[in-house]
Amino acid sequence: MLQISQRPLTGSDADRHLFVDRSAELTRLERAAELGFNVLILGERGIGMTSLMFQHQRRLQDRGRACHYARASKSEKFVDLANLIRMSVEGRGPSFLGPENSFHVLWSGGDSDPLRGLRRLATAANESNGPPSTIILDEMHKPELAHELFGRYRDEVWELPFRWLVCGLATRSSNYLEAPADAFFDSVLRLGPLDTSACAELLKTRLDQASQNDREAAMRITLERESIIDQCQGNPRRLLEGARRTVLRTSEEFAAANKLVASAAKLGATEKLAIEYLLANGPTSASDSQLLKEWLLTRARATQVFRRLEEAGLVHAFPEKAGVGRPRKLYATSLNTGELE
């Protein structure tokens, strides 16, 4: 089976064979665990933090170290985060939550101590007699919640027999590290993009799993490998998105996309990159922050590039009919879908 879905890799034996090029990060996390460090991991969406956390959790557990995983993306309030941590340490899922499991029952024990409930759990598990357990808080996309836990209650959390791995967004790094929470984290690991060889290896590990029925799709990806890698900018999620788009195109769309890219290349290297971006991401405006960042363009330069492509008949413009205020002008190729008409 061709495994190019966007699901994160787990710590299973099968998925471990698909995990590539994060050995340095895993070694650093293992060293931090040995030293008892709390670590803040920062990266962009889709960069592979969840897969990295599952691999690290598996390695710790293989060594007999307790490690509890929790995904914090749905925690809107501090009470949600508190319940999530408690259930993770208990090894319980959301189905165990009932009306009686309020903030005061799960977290504070019904009194003024906001951490009493977790202290009781730690004591009951006799955690202090062995190496500290590790708690992984993945997808902590609300730094204000992290700051309340590790800033406002920093000293209290320090006393608990746990070590913490917190995964956040690189774009909001300063919010996670605002004092006094900055002193809680002994190390900050910034998860960067994969290099070209690692992207190629990631695709190869997936293509090697292709069945006989998937050979044609695998061949398409192989033929378009360089383009897919160039467009993903080292982001594993975008890399696999590119692979899926490639196999979903019809032969006619495939040929038309190549023709568009070739025509844009005659106008210039930036125009070629812009067409490839539109093919990969769909309708886009000249103010798209991701496009400007990836191709190091100013908004004025991006507007100029799209205007040249429009004059050449390679893209067309239409107004975005969403949100409030003046609608943005979006650009799309004839192959893009999902236009807001």
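Which residues do ring pairs link into a cluster? The legends below begin with the answer.

**View 1. Aromatic rings gather around Phe 150, Trp 158, Phe 162, Trp 164, Phe 184 and Phe 185.** These six names form a cluster held together by ring pairs; rings of Phe, Tyr and Trp (its six-membered ring) pair if their centres lie within 6.5 Å. Across the whole structure, a search turns up nine aromatic pairs. Please keep in mind that this is a predicted model, in which local features need pLDDT of at least 70, side-chain atom pairs count only at pLDDT 80 or more, and totals for chains, interfaces and linings use all residues. Residues are numbered from 1 along each chain as its sequence is written, and side-chain values use heavy atoms, with hydrogens and water left out.

**View 2. The protein chain as a whole has 17 helices and seven strands.** Helices (H or I, at least four residues) and strands (E, at least two) are DSSP runs, numbered from the N terminus. Of the 341 residues, 47% count as buried, where buried means under 20% relative accessible area, exposed over 50%, and partly exposed in between (1.4 Å probe, protein chains only). Taking contacts between residues at least 6 apart in sequence, 68% join residues at least 24 apart; contact means heavy atoms within 4.5 Å.

**View 3. Helix α14 (residues 251–267) meets helix α15 (residues 269–281).** The two axes come within 7 Å and cross at roughly 155 degrees; axes are lines fitted to C-alpha atoms, for helices over the stretch in contact, and angles run from 0 to 180 degrees between N-to-C directions. The helices α14 and α15 are therefore roughly antiparallel to each other, a label for angles over 145 degrees. On the α14 side you will find Ala 257, Leu 260, Val 261, Ala 264, Ala 265 and Leu 267, which meet Glu 271, Lys 272, Ile 275, Glu 276 and Leu 279 in α15. The residues of this contact divide into eight nonpolar, no polar and three charged. Here Ala, Val, Leu, Ile, Met, Phe, Trp, Tyr, Cys and Pro count as nonpolar, Asp, Glu, Lys and Arg as charged, and the others, Gly among them, as polar.

**View 4. Cys 199 and Cys 232 do not form a bond.** The sulfur of Cys 199 has its closest cysteine sulfur in Cys 232, 3.9 Å away, which is too far for a bond. A disulfide is a pair of cysteine sulfur atoms within 2.5 Å, and a search of the whole structure finds zero of them. Cys 199 is buried, at a relative accessible area of 2%, and Cys 167 is buried too, at 1%.

**View 5. Three loops carry backbone features worth a look.** Most residues other than glycine have a negative phi, and most peptide bonds are trans. Between α9 (173–176) and β5 (187–190), the loop holds Pro 180, joined to Ala 179 by a cis peptide bond with omega about 5 degrees. Glu 139, in the loop between β3 (133–138) and α7 (143–152), has a positive phi near 50 degrees. Gln 233 sits in the loop between α12 (225–232) and α13 (236–248); its phi is positive as well, near 55 degrees, and at 32% relative accessibility Gln 233 counts as partly exposed.

**View 6. Ser 173 of helix α9 contacts Leu 42 and Arg 190.** Those contacts leave aside neighbours within four places in sequence. Ser 173 counts as buried, at 17% relative accessibility. Leu 40 is 133 residues from Ser 173 in sequence, and their C-alpha atoms are 9.4 Å apart in space.

Key
Parallel < 35°, antiparallel > 145°, perpendicular 65-115°, else oblique. Phe/Tyr/Trp six-rings, centres within 6.5 Å; stacked < 30°, edge-to-face > 60°.
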